[in-house]
Amino acid sequence: MTLLITVFAAVFATVKWYNRKDDSMKLGILCFMFWGASLMWLVDALFEYWELKAEYFSPALEDMINDTFLGLSVVALGLVIWLVRLLILDPKGTVRAAIQR
């Protein structure tokens, strides 16, 4: 589930990045984070399959729920990192203008 969730997040971020009008939202860094996480989970899935063989395709419900929470946590952490970076860089000057008021 972690792989599936991060791949969906990576595809969504890439589509948004590709259809952007300007680069002020810095979606490229978000794409790199999600694709990196997807690659990490892919390698993890390959090694887990290599270890478990056929049992890999019949996980317990508890394991699936834990993997889902982990995948959602990874996506949320990626979004938080991207948002903090965006607020620090402040490409449109919105934070700077709000502080100067």
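What share of the contacts in the chain with a separation of 6 or more comes from residues 24 or more positions apart? In this predicted model, such residues account for 77% of those contacts.

Begin with the whole chain in cartoon view. It contains 4 helices and 0 strands, arranged along the sequence as α-α-α-α. The chain is more spread out than a compact globule, because its radius of gyration is 17 Å, well over the 13 Å that the globule rule gives for 101 residues. Reduce the display to the C-alpha trace and align the view with the principal axes: the trace spans about 60 × 25 × 15 Å.

Next, select residues 61-89, which form helix α3. At 1.5 Å a residue, these 29 residues should span 42 Å, and the end C-alpha atoms are 42 Å apart, so the helix agrees with the expected span.

Within α3, show the side chains of V75, W82 and L86, and mark G71 and G78; these five positions are buried. An α-helix has 3.6 residues a turn, so residues three or four places apart point the same way. Now add α1 (2-18) and α2 (27-52), which are among the elements covering the buried residues of α3.

Move on to D90, which follows α3 and has a positive phi, near 50°.

Finally, return to the whole chain and display its surface. About 7600 Å² is exposed, with carbon and sulfur atoms supplying 70% of that area. Of the 101 residues, 23% count as buried. Colour the surface by charge to finish: the chain carries 9 positive and 10 negative charges, and the mean positions of the two sets lie 22 Å apart.

Terms used
Residues numbered from 1 in each chain as written. Predicted model: local features only at pLDDT ≥ 70, side-chain atom pairs only at ≥ 80, totals over all residues. Heavy atoms only, no water. Helix = DSSP H or I, 4+ residues; strand = E, 2+ residues; numbered from the N terminus. Expected span 1.5 Å × (residues − 1). Buried < 20%, exposed > 50% of the residue type's maximum accessible area, 1.4 Å probe, protein only. Contact = heavy atoms within 4.5 Å. Rg over C-alpha atoms; globule rule 2.2 N^0.38 Å. Areas by Shrake-Rupley, 256 points an atom, 1.4 Å probe, with all protein chains shown as cover. Lys, Arg positive; Asp, Glu negative; His and termini not counted. Charge placed at Lys NZ, Arg CZ, Asp CG, Glu CD.
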